[in-house]
Amino acid sequence: MGRGTRIDFNASPRPTLGVEWEVVLVDRGTRDLASSAAEVMRALDLPAHAGGQRVTKELLRNTLEIVTPVCETVAEAAEDLSSSLAAIRRVTDAMGLDLVCSGTHPFGVFDNQLVSDDPRYDELLERTQWWGRQLLIWGVHVHVGIDSVHKVLPILNTLLNHYPHLQALSASSPYWAGHDTGFASNRSQMFQQLPTAGLPFQFGRWEEFEGYVDDMLVTGVIDGLSDVRWDVRPSPRLGTIEVRVCDGTPTLWELRAITALVHCLVVHLDGELEAGRELPTMPPWHVQENKWRSARYGLDAEIIVDAAGRERLVTDDLDDWLTRLEPVARRLRCEDELRLVAQIPRRGASYQRQRAAFEAARRAGAQQPLLAVVDSLVTELREG
């Protein structure tokens, strides 16, 4: 790529689905992070799928990323993730390690972590310095296939209207290095400090996106397209839109719910375009404010829902969307999974459950109540 960069989008004939789920290794005794991913991966007996390895390394050696093949339904993706997780657990149980998934670890610090052996990771940390060394964060990425390059940016731009719903539902990072940040999703605030991370620009035409990438390459901001780390981004090689909004999801049932919501939203917006209707967007300043509100207040956020500045409680707006998306869910065979979305506010989002675990331990006289938070995350992933 260089001046006059052309980016071919390998369109997907169907709205297929793919999920990347980051899980974290913790020591069973100390509950601190364990830099044992390389050893776990060497011991794994897990055949690759057509798209590549089912379990891959990440920046830090405390992290494993579980990757699905191209799937047709949420149920298919969840079954593949569950199978891979079980294979990992057979190894980690024997090594005295437990697994958790959340946006951050309650008390882990970067200085104690080992970085995976990869020149790209070395370059990232050399360039980003202190902010790069704060990347003790984990998330979930959901890919949905798009059948035309001309739909990608309109759908991406309108998905930003639903950013606060997805972030509030998945928020699981209230603690940072042993402190309660006051945020539901501190992860989202940390990650956006990196160059090219955070909210995407709202381009109207694919050529504008190509021009942006070209400028970033020529000026040395990025070395390749994968360095564009937006919260929602096109994935031209895979022919998908990749939604990277969500904090690490602590249970498989929540992951099923959020994946179904993303799948239904993208397919709904695709259908609106097919029907010749213009997709609604909001000014970037509204989108940015919604990201901050949902990161700070989670399910209690009052969000902006349209370009006119009308506001609603995020859970009220979510309820309406769940009803609106029911016909789409039937077509995608994910009705049961979409219904699970409503269970998250009823049971409490992860950031709320983590704080409840901390408070219960504190009241019981625990000297280190954050250990109870890790225990709760271990139990949730094992049982949920």
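Student: Is Arg6 buried or exposed in this model?
Tutor: Keep in mind that we're looking at a predicted model. The relative accessible area of Arg6 is 66%, and the exposed class starts over 50%. So Arg6 counts as exposed.

Student: Which side chain does Arg6 meet in a salt bridge?
Tutor: Side chains of opposite charge can pair when their charged atoms come close. Here the N to O distance is 2.8 Å, and the cut-off for a salt bridge is 4 Å. The partner has 47% relative accessibility and counts as partly exposed. That partner is Asp8.

Student: What about Glu208, which residue does its side chain meet in a salt bridge?
Tutor: Glu208 is partly exposed, at 32% relative accessibility. Its partner is partly exposed too, at 46%. The N to O distance is 3.6 Å, and the partner is Arg205.

Student: Are Glu242 and Arg244 buried or exposed?
Tutor: These two form a salt bridge, with the closest N and O atoms 3.4 Å apart. To fall in the class they share, a residue needs under 20% relative accessible area. Both Glu242 and Arg244 are buried.

Student: How many salt bridges does the structure hold?
Tutor: Some of them link up: Arg28, Arg31, Asp93, Asp98, Asp375 and Arg382 sit in one network of salt bridges. For the whole structure, the count is 34.

Student: Asp375 and Arg382 make me curious about H15; what span is expected for that helix?
Tutor: H15 covers residues 369-383, which makes 15 residues. The rule is 1.5 Å times one less than the number of residues. From first C-alpha to last, H15 reaches 21 Å, close to the expected value. That expected value is 21 Å.

Student: Which helices do the buried residues of H15 pack against?
Tutor: The buried residues of H15 include Leu370, Val373, Val374, Leu377 and Leu381. They pack against strands S1, S4 and S6 as well as two helices. Those helices are H2 (74-94) and H14 (350-363).

Student: Zooming out, what radius of gyration does the chain have?
Tutor: The chain holds 15 helices and 13 strands. The globule rule gives 21 Å for 384 residues, and the chain comes close to that, so it is as compact as a globular protein of that length. Its radius of gyration is 20 Å.

Student: And what share of its residues count as buried?
Tutor: The chain still exposes about 16200 Å², with carbon and sulfur atoms supplying 49% of that area. Counting over the 384 residues, the buried share is 59%.

Terms used. Residues are numbered from 1 along each chain as its sequence is written. This is a predicted model: local features need pLDDT of at least 70, side-chain atom pairs count only at pLDDT 80 or more; totals for chains, interfaces and linings use all residues. Side-chain values use heavy atoms; hydrogens and water are left out. Helices (H or I, at least four residues) and strands (E, at least two) are DSSP runs, numbered from the N terminus. Buried means under 20% relative accessible area, exposed over 50%, partly exposed in between (1.4 Å probe, protein chains only). Contact means heavy atoms within 4.5 Å. The radius of gyration is taken over C-alpha atoms; the globule rule is 2.2 Å times the number of residues to the power 0.38. Accessible areas come from the Shrake-Rupley method with a 1.4 Å probe; for residues, only the protein chains shown count as cover.
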